[in-house]
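Me: Could you walk me through some charged pairs and the packing here? I will ask one thing at a time.
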Amino acid sequence: MDLPLSFESAFDIINRWNSYPKTVFMSDDDFSVIYYYLEAVDVIQQSVSLPGYQSQSKDAIRMAVARLKLEFQNIIIGVTNATKGRSRSTYPSSSANQSLCSTNMSSSMSDGTTTSYEINIVSLNSPNTAGAISRLSCIAKKMNLVGYVGECFEVYKSVRMVYLENELKQLGIEKLSTSNTLGLFVEEFKKKIDRLIRAAEVCYWILFSSEKRFCSQVFDGIEHDSCFSETIKDAEIQLMTFAEALVNSLRSPEKLFKFLDLAERLSNTWREGAPVLRSNDKIGEVVRAILSDFEKSVAYELSILSGAGGTIHFLTKYVIDYVNLMVTYKKVLSGFIVSNPSTTFGDLVIPDVEFTQLEGRGQTLALHFIMIIVVLRFNLEKKSKYYKDPTLTHFFMANNLHYIVQAIRKSPELEEMIGEEYVNKLSENYLRQAISNYQSSTCERMLSCLRDEEEGHRFFSMCFSSRGNLRRRVRTFNATFEKIHSTQARWVVQHLELREELRLSIVEKMIPAYASFLERFKKCGEGRKSAYIKYSVEDLQTLIIKDFFQKYQNIIAEMELSKMKALSSPNIIHINA
């Protein structure tokens, strides 16, 4: 049984180690040496208040604090260095994986490429590390007992902050300023956002949580929250600086969704009160600005017409796709969008009649979605005027409005946000009106050929007209129909439902009128088989139903034929999945 140390023996142990060079450590030798040294510190500490020992005890404590600080530093550097190049795990890691010293990271970038990297964490459960942590904890407790645990905190922070800084470099978080991001192309911007998101997840799910457990074990029984917070503070600030540099880059609609990705991860990943969360406020400002810019750009997009035949404008598709994508971020967007949309876009002022659909909508975000569709419709109406043919103007609007309505109804979330009332307004008011205008414009040109202008513009009063006038109107009708038939056969309607509806709208108005015309023509003595009658009622109906808007069907047929030829080509090697 070991005898307790005397004051003289304890002082001699401390004094002897004080004479050794600072490069010689107890922890490099038999580990029992350090525990023997700590026992000597205990004896000295107990003698501080004894008469005759006070001055000598204080000197010994001062020497012991300096030596224990060195020992603490040596051990923690050893533990930190030992984390490199150990066993590996797959990202993301859970707390159960903390027995691993190194975690292999591999995940996909936004462009589909894969980035792999390795992070190093303290292996809390390995025998060597457990022993080192035990010695660190004993030193910290002893330093706390003599009132100098702050020295351990400073050493811990200095060593571990360098470690975290290196890990951030490994994760690709370099120093980044706003001047570095102003000229970033969108794809490079997206890559940096992806890198930031993954680095943040690694930091908060693995590095910082592992660091907190390590710190808790080293300073077990000692208040150490501030030590941990200050240890990770620089890393958090570096993440925040990186984030803010990206947030301050030039705004564009293409960046919106990456900002929203970042905001979602900020709220889901990073601890409450983390400095980087301040970036969320800036992200909110940028998101609101981008949405406002987008609404203005939709109102003032200047391209004229894309393609012939009154087809769906690329702006329509782009805007609807953009809004649908925004719906997938509605939770985070709703937190940022807190004010109603502007109703004035330069010289474009949305009329009051549009506001009635905005009243009573619960979500501010929904009002912005409605406003985007409103300004899109206004822009499309402006673009439609570039068509010289009034019929094509109405056809273009019908095509685009039908696309908008169908796209909204195909997205239950978007339809719910916008509201059935406004969707019905789009469908029953604007779309119906465009179809009706198209029908009237198309049919009127043909019906005017059948009108007896000598009898007060009444229809089909042909028996009171000269036979020459009657024949002239038939020839004019034939020529007019052939021109309309030839023109509208080249027009494009992608949606089958709209294609059939437009055809039937012409049939319903033209066929009864044309049948009545032929009947009166017969009664006037020309006969049904007159050389002037080029089309029977059945012929006219067939040509309208089969040929109007045939171009899209021809395009599809050509694509299918090309596909079949390609598949049957002997040069094609078929690979079965």
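Me: Is Glu 71 buried or exposed?
Reply: This is a predicted model, where local features need pLDDT of at least 70, side-chain atom pairs count only at pLDDT 80 or more, and totals for chains, interfaces and linings use all residues. Residues are numbered from 1 along each chain as its sequence is written, and side-chain values use heavy atoms, with hydrogens and water left out. Buried means under 20% relative accessible area, exposed over 50%, partly exposed in between (1.4 Å probe, protein chains only). Since the relative accessible area of Glu 71 is 0%, this residue is buried.

Me: Which residue meets Glu 71 in a salt bridge?
Reply: A salt bridge puts a side-chain nitrogen of Lys or Arg within 4 Å of a carboxyl oxygen of Asp or Glu. The partner sits four residues away in helix α3, so about one helical turn separates the two; helices here are DSSP runs (H or I, at least four residues), numbered from the N terminus. At 3.3 Å, N to O, the side chain that meets Glu 71 is that of Arg 67.

Me: How many residues apart in sequence are the parts that Arg 432 and Glu 501 tie together?
Reply: The closest N and O atoms of this salt bridge are 2.2 Å apart. Arg 432 lies in helix α17 (residues 420-447) and Glu 501 in helix α19 (residues 496-523), so the parts tied together are separated in sequence by 69 residues.

Me: How many salt bridges does a search of the whole structure find?
Reply: Some are linked in a network, made of Glu 154, Lys 157 and Glu 230. For the whole structure, the number of salt bridges found is 24.
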